[in-house]
Amino acid sequence: MTLREPEIVELETPTGTMRTMVLRPAAAGRYPGLLFHSEIFQITGPIHRTAAFLAGHGFVVALPEIYHEYLPAGTVLAYDQAGSDVGNRLKTTKPVAAYDADNRAVLDFLKQHEACTGRLGSFGPCIGGHLTYRAALQPDIGAAACFYPTDLHKRSLGAGMNDDSLARAADIRGELMLVFGRQDPHVPVEGRELIYKTLTAAGVNFTWHEVNAAHAFLRDEGLRYDAELARQMLGMTVDFFRRVLS
């Protein structure tokens, strides 16, 4: 499907106005909504292109600026050491409750959107994978695709670095799709085993995929990008969302 021009909306949250980009098909109709969480660099070119890919397969996709409280609206951090330093610092500055409130604001927006069916999912890589998992704790998320969710096994998201994400696994009512790279040092085998065992013990409905790839293999910029695995995994993601949300 071709897409409409991106829309920029400003959503109100308890911690201020959150700039959010919305991508959706040009064709008239109603589509499931996806909350898309970025990496720590916010809405970069690779993130925008991945969101456009999903929207072009029949979804209303909303991308919030995850650090809206701390950076000027429209800020995109560079894929370099300076950008990483800022993004990683803010990752553990922002309270977990503020991340959750942001999720709620976007989900409420999507549910009321004229082009949305009201069926909701979530997607994200890196910190976005963890935030996607957090979104799945909301009762109206039917499907969540978490790509190499960082800090999930370490319980170190947010201010105080002591999140309760895994501890609340039993609260997840929708279905999860989790994708990991075996060569990803941010989610080592011990961390993946902990996540798998926790979800299984909590009775979560999930599918699990491990591929031979590095961290950020989905990002179509830089040496870690694996085009073939990205194609396969994104295709599986579309199939997953269509199956659960259609």
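Strands S7 and S8 run parallel and are joined by 7 bridges; strands are DSSP runs of E with at least two residues, helices are runs of H or I with at least four, and both are numbered from the N terminus. The structure is a predicted model, in which local features need pLDDT of at least 70 and side-chain atom pairs count only at pLDDT 80 or more, while totals for chains, interfaces and linings use all residues. Residues are numbered from 1 along each chain as its sequence is written, and side-chain values use heavy atoms, with hydrogens and water left out.

Within the S7–S8 pair, Met177 has Thr207 of S8 as its bridge partner. The chain passes from S7 through H5 to S8 in a right-handed β-α-β crossover, a term that applies if, with the strands pointing away from the viewer, the path from the first strand over the helix to the second runs clockwise. Helix H5 (residues 189–201) lies across S7 and S8 and runs at about 165° to S8. Such angles run from 0 to 180 degrees between N-to-C directions, with axes fitted as lines to C-alpha atoms, for helices over the stretch in contact. Helix H6 packs on the sheet as well, where it touches strand S3 (31–36), strand S5 (116–125), S6, S7 and S8; contact means heavy atoms within 4.5 Å. The direction of H6 makes about 170° with that of S6.

The sheet as a whole is open and mixed, with 8 strands in the order S1-S2-S4-S3-S5-S6-S7-S8; two strands pair if DSSP finds at least two bridges between them. Strand S1 (7–13) and S8 stand at the edges with a single partner strand each, so one side of each has no neighbour in the sheet. On average, neighbouring strands of this sheet are turned by 20° against each other, direction ignored. At the S1 edge, 7 bridges join S1 to strand S2 (residues 16–23) in an antiparallel arrangement. In this pair Glu10 stands opposite Arg19 of S2.

The count of salt bridges comes to 19, each defined as a side-chain nitrogen of Lys or Arg within 4 Å of a carboxyl oxygen of Asp or Glu. One of them joins the side chains of Glu114 and Arg24, at 3.5 Å from N to O. Glu114 lies in the loop between helix H3 (96–112) and S5, and Arg24 in the loop between S2 and S3, so the pair ties together parts that are 90 residues apart in sequence. Glu114 is exposed at 64% relative accessibility, whereas Arg24 is buried at 9%; buried means under 20% relative accessible area, exposed over 50%, and partly exposed in between (1.4 Å probe, protein chains only).

A further salt bridge, at 2.6 Å from N to O, is formed by Asp164 and Arg134. Asp164 belongs to the loop between S6 and S7 and Arg134 to helix H4 (residues 127–136), so parts 30 residues apart in sequence are tied together. Asp164 is partly exposed, with a relative accessible area of 33%, and Arg134 is buried, with 2%. Between Arg243 and Glu175 the closest N and O atoms of the salt bridge are 2.7 Å apart. This pair ties helix H6, which holds Arg243, to strand S7, which holds Glu175, over 68 residues of sequence. Arg243 counts as exposed at 52% relative accessibility, while Glu175 is buried at 8%. Salt bridges also link Arg104, Asp108, Lys111 and Asp140 in a network.

The whole structure contains 12 aromatic pairs. Rings of Phe, Tyr and Trp (its six-membered ring) pair if their centres lie within 6.5 Å, and planes under 30 degrees apart count as stacked, over 60 as edge-to-face and the rest as tilted. The rings of Phe59 and Phe241 have centres 5.9 Å apart and planes at 65°, so this pair is edge-to-face. Phe59 lies in the loop between helix H1 (45–55) and strand S4 (60–64) and Phe241 in helix H6, 182 residues apart. Both Phe59 and Phe241 are buried. Phe147 and Tyr148 form another edge-to-face pair, with 6.3 Å from centre to centre and 85° between the planes. Phe147 and Tyr148 are also buried, and ring pairs link them with Phe36, Phe123 and Phe217 into a cluster.

Backbone geometry was also examined. Most residues other than glycine have a negative phi. Asp151, in the loop between strand S6 (141–147) and strand S7 (175–181), has a positive phi near 70° and is buried at 6% relative accessibility. Ala216, in the loop between strand S8 (205–211) and helix H6 (227–245), has a positive phi of about 65° and is buried at 3%.
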